[in-house]
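Please open the structure in a viewer with selection by residue number. The tour below goes stop by stop, saying what to select and what is there.

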Amino acid sequence: MNSIAYKTLQSLAKFKPKRETHTLAYIQLKETQRAHARALKLGTTVLEPDIVYSYFGSKSLWNACKLFDEVPNWDVASATAIIGCFARCNHHEEAIHFFSRMIALNIKPNQFTFGTVIPSSTALQDFNSGRQLHACAIKIGLESNVFVGSAVVDFYAKRTGIKEAQRAFEDTHEPNVVSHTTLIRGYMKKEMFDDALALFREMPERNVVSWNSMISGYSQMGYNEEAVNLFVEMLREGTLPNDSTFPCAIRAVANIAALGMGRSFHGCAVKFLGKFDVFVGNSLVSFYAKCGSMEDSLLLFNTLPRKNIVSWNALIWGYANHGRGIEAVDFFERMQDTDVRPNSVTLLSLLLACTHSGLVDKGYTYFNKAREEEEHHPGLLTPEHYACMVDLLSRAGRFEEAERFLQELPFVPGIGFWKALLGGCRIHSNMELGELAARKILALDPEDVSSYVMLSNAHSAAGRWRTVSMIRKEMREKRMKRVPGCSWIEIRSKLHIFVTGDTNHEHHHQIYQVLGFLSSNI
């Protein structure tokens, strides 16, 4: 009991009671110690996994470590149990250390050992140990085992390149749903959507985790229509969604503002989940807010049994984004009366509310208060908040204050700041300052089309057609093209998407006829 490992791990004890208390954990620990003592008294030479699990269950890491020095012989099941317990308690370095000790004592690891210890290398982001464990599995001849292969695929997909993960997947004999899903996640992370979808279609069987990986991957990368279509396909195939499915699907349908389809998803959540958790609830609050249905958003918000900062932010942002700044400020003040503390997203939504509602002085008050709190809570203010203040002042026509604010910035302003100033100049036809802002933008990004368009619109509003013509000529000479506008409408749960000058819609002839009729009669 005098080994270096024992002395090192003794200091890692998670729970060592100084006085007897009648807590459940303490009672469990005492019972485990008595079982351990009986085993030693009977001359047990092999570690009992039940004793190991009991020590970890009572949070007594110190006693679990003692087992290594008190018992002379281990079997692979007991050693794997110890490693697994370390991994579950997030003591990944210790898990790898005891795997090395296991090898030193000539205990041959099995597929379950590798399936347990390799994820520790992944969690530690330790490339070297992960490669060594993979090499050890190859040496023993277990690299084709599905448990080992899935862990190796996950390691390479998260820590190195996707090609190594592909090779590990190909080396796996009869990969199961876990193996396939792990590689799909790797493809999604690398934005290899076609490969992910192809592998998903090839899977011999799919479970809810597989569907969730595809739906969340598409949703997170902005492929919202694909995510929505996959969710519908999932339901049609009879796979029941869970708590992790709905936030991704609802976020995707919110991003395309498909209100009717989103209501259907809401109905599915009620049907399949009954009472859903705060994550599903928050996604629904945000969905209705993004679609402009603030009454439904508020109704969902009020029914949440527990509200966190995400809940409040979704509601405040919804009111702010739809020009209902007074309501946004009112709900922020209500939040102040709870134990939920605002974060940088809350402040940004609040400034947006003030900007869209012309509440300049109130916005300034909130910003200055946040600047004072920044000393105690770093990270509350970001460049986005400063840019929002420039937008707030510019939209209100307070250009002197906006210029002074820009000059006093604690950093060099980027394009977003000058675009905010240019936007205000366009509203109030301040051509002189607008041209200054445009020059700043073009100096930072000579290919920025939007600044030319905004400046052209500003001169157009002021009736300076010669200047407008010169700007458009310069755009043609530089071969700059405006990003076409896009809009969509949902009819009977089907989305119809339109782009400027589009002729792809199946009914585009009839649409243009109606537009022509309306133009000639308005």
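## Whole chain

Among contacts between residues at least 6 apart in sequence, 61% join residues at least 24 apart. The model is predicted. Switch to a cartoon view: the protein has 29 helices and two strands. Buried residues account for 44% of the 522 residues. Then turn on the surface, which has an accessible area of about 28,100 Å². Carbon and sulfur atoms hold 52% of that surface.

## Stop 1: L142 and its neighbours

Select L142, in the loop between α8 and α9 (146–159). Is L142 buried or exposed? L142 has a relative accessible area of 17%, so it counts as buried.

Show the residues around L142. Leaving out residues up to four places away in sequence, L142 touches P109, N110, Q111, F114, A137 and V148. To check one of these neighbours, draw a C-alpha to C-alpha distance from L142 to Q111: the value is 6.5 Å, with the two positions 31 residues apart in sequence numbering.

## Stop 2: two residues with positive phi

Go to Q125, in the loop between α7 (111–124) and α8 (127–140). Q125 is not a glycine, yet it has a positive phi of about 55°. The relative accessible area of Q125 is 57%, so the residue is classed as exposed.

Next select E191, in the loop between α11 (177–189) and α12 (193–202). E191 is not a glycine either, and its phi is positive at about 60°. With a relative accessible area of 48%, E191 is partly exposed.

From E191, move along to D195 in helix α12. D195 has 36% relative accessibility and therefore counts as partly exposed. Add I184 to the selection: it is 11 residues from D195 along the chain, and the two C-alpha atoms are separated by 8.0 Å.

## Stop 3: salt bridges

A search of the whole structure finds 11 salt bridges. Side chains of opposite charge can pair when their charged atoms come close.

Select R324 and E295 and show side chains. These two residues form a salt bridge, with the closest N and O atoms 3.6 Å apart. The pair links distant parts of the chain, 29 residues apart: R324 is in the loop between α19 (309–321) and α20 (325–336), while E295 is in helix α18 (residues 294–303). R324 has 26% relative accessibility and is therefore classed as partly exposed. E295, with a relative accessible area of 53%, is exposed.

Keep R324 in view and add E327. Which residue does E327 form a salt bridge with? The partner is R324, and the closest N and O atoms are 3.1 Å apart. E327 is partly exposed, its relative accessible area being 29%. Through shared partners, salt bridges join E295, R324 and E327 into one network.

For another pair, select R398 and E401. The salt bridge between them has its closest N and O atoms 2.6 Å apart. R398 is partly exposed, at 25% relative accessible area.

## Stop 4: a patch of negative charge

Select E400, E403, E432 and E435 and show the surface. These four residues gather there in a patch of negative charge. Which helices each supply at least two residues of the negative patch? They are α24 (399–407) and α26 (431–444).

Pick out E435, which lies in helix α26. The relative accessibility of E435 is 30%, so this residue counts as partly exposed.

## Stop 5: a nonpolar patch

Finish with Y512, V514, L515, F517, L518 and I522. On the surface, these residues form a nonpolar patch, with about 650 Å² of accessible area together. Where is Y512 found? Y512 is in helix α29 (residues 508–521). At 38% relative accessibility, Y512 falls in the partly exposed class.

Key
Residues numbered from 1 in each chain as written. Predicted model: local features only at pLDDT ≥ 70, side-chain atom pairs only at ≥ 80, totals over all residues. Heavy atoms only, no water. Patch = residues over 30% accessible without salt bridge, like charges linked within 9 Å, V, L, I, M, F, W, Y side chains within 5 Å. Areas by Shrake-Rupley, 256 points an atom, 1.4 Å probe, with all protein chains shown as cover. Lys, Arg positive; Asp, Glu negative; His and termini not counted. Charge placed at Lys NZ, Arg CZ, Asp CG, Glu CD. Helix = DSSP H or I, 4+ residues; strand = E, 2+ residues; numbered from the N terminus. Buried < 20%, exposed > 50% of the residue type's maximum accessible area, 1.4 Å probe, protein only. Contact = heavy atoms within 4.5 Å.
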